[in-house]
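Let's take a relaxed walk through a structure and see who touches whom. Have the picture open while you read.

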Amino acid sequence: MDKTTDNQSKSFFNDVYEVVKLIPPGRVTSYGAIARYLNAKGAARQVGWAMNGAGKLKGIPAHRVVNSQGILTGMDYFDKGHSMAQLLLEEGIEIENNKVKNFKSYFWDPSSELL
DNA sequence: CTTTTGACGGGGG
DNA sequence: TCCCCCGCCAAAA
């Protein structure tokens, strides 16, 4: 498949998906945290961008990814039958006003916890 | 090739 | 606390 000496990371997207899939249930992380884990600190936006299609894909708990404020920013991007808040609630995460309650308590930093 | 966007983050008023 | 602007960086048009 590789035509040249391509190594890991075919694309930023791929990396993001992998990390998101590693997010344990009942936990949430932020775009910036993921970006930072990928050594792309300033690419927090691209992380969310990558999730654009992830919301409909399966196996990618995009609902566990929120912004640094703990707000479910992509909630409108999810299917209405499986809204972001709904999935988080099922995982035991309290949501209030489209925002994760005790966000800090549920926060999962890949750079810290995952190693 | 250039231009725009975008589920962000942080700083300033 | 709320609102606005800037910066970062990569993909899409």
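Below we go through the DNA contacts, then a helix, then the salt bridges.

## A word on the model

What you are looking at is a predicted model, so keep that in mind as you go.

## Around DNA strand C

Which residues surround DNA strand C? They are Phe13, Gly42, Arg45, Gln46 and Trp49. Sorted by class, the residues of this surface come out as two nonpolar, two polar and one charged. Helix 3, which runs over residues 44-54, gives the most here, with three residues.

Now zoom in on the bases. Arg45 has a polar side-chain atom 2.3 Å from a base nitrogen of DNA strand C. Gln46 also uses a polar side-chain atom, and this one sits 2.3 Å from a base oxygen of the strand. Gly42 takes part through its backbone instead: a polar backbone atom there is 3.2 Å from a base oxygen. Looking at the atoms of DNA strand C within 4 Å of the protein, 35% belong to sugar or phosphate, and the rest belong to bases.

## Around DNA strand B

DNA strand B has 20 residues around it, and the ones that come nearest are Tyr31, Arg45, Gln46, Trp49 and Met51. Of the strand's atoms that come within 4 Å of the protein, sugar and phosphate account for 38%. By class, this surface has nine nonpolar, ten polar and one charged residues.

Where does this surface come from? Helix 3 has the largest share, with seven residues. Helix 2 (31-37) and helix 3 each supply at least two residues.

Some backbone atoms join in too. Met51 places a polar backbone atom 2.7 Å from a base nitrogen of DNA strand B. Two other residues meet phosphate oxygens of the strand: Ser68 has a polar backbone atom 2.8 Å from one, and Gly32 has a backbone N or O atom 3.4 Å from one.

## Helix 1 and its buried side

Next up is helix 1, residues 12-21, where Val16, Tyr17, Val19 and Val20 are buried. Viewed down the helix axis, the buried residues fall within an arc of 165 degrees, so they line one face of helix 1. What do these buried residues pack against? Their partners are helix 2, helix 3 and strand 2 (65-66).

Helix 1 also holds a charged pair. Glu18 and Lys21 form a salt bridge, with their closest N and O atoms 3.5 Å apart. Why does this spacing suit a helix? Glu18 and Lys21 are three residues apart in helix 1, which means about one helical turn separates them. An α-helix has 3.6 residues a turn, so residues three or four places apart point the same way. Glu18 is partly exposed, at 38% relative accessible area, and Lys21 is partly exposed too, at 44%.

## More salt bridges

How many salt bridges does the structure hold? There are four. Side chains of opposite charge can pair when their charged atoms come close.

One of the four links the side chains of Glu91 and Arg64, at 2.6 Å from N to O. Glu91 is in the loop between helix 4 (84-90) and strand 3 (95-96), while Arg64 is in the loop between helix 3 and strand 2, so this pair ties together parts that are 27 residues apart in sequence. Arg64 is buried, with a relative accessible area of 10%, whereas Glu91 is partly exposed, at 24%.

Glu96 and Lys101 make a salt bridge as well, with the closest N and O atoms 3.4 Å apart. Glu96 is partly exposed at 46% relative accessibility, and Lys101 is partly exposed at 34%.

Technical notes. Residues are numbered from 1 along each chain as its sequence is written. Chains are lettered from A and ligands numbered from 1 in the order in which they are written. This is a predicted model: local features need pLDDT of at least 70, side-chain atom pairs count only at pLDDT 80 or more; totals for chains, interfaces and linings use all residues. Side-chain values use heavy atoms; hydrogens and water are left out. A residue is near a molecule or strand if one of its heavy atoms lies within 4 Å of it. A polar contact is a pair of N or O atoms within 3.5 Å; within protein, one must be able to donate a hydrogen and the other to accept it, and residues adjacent in sequence count only if both atoms are side-chain atoms. Helices (H or I, at least four residues) and strands (E, at least two) are DSSP runs, numbered from the N terminus. Ala, Val, Leu, Ile, Met, Phe, Trp, Tyr, Cys and Pro count as nonpolar, Asp, Glu, Lys and Arg as charged, and the others, Gly among them, as polar. Buried means under 20% relative accessible area, exposed over 50%, partly exposed in between (1.4 Å probe, protein chains only). The arc is that of the directions from the helix axis to the C-beta atoms. Contact means heavy atoms within 4.5 Å.
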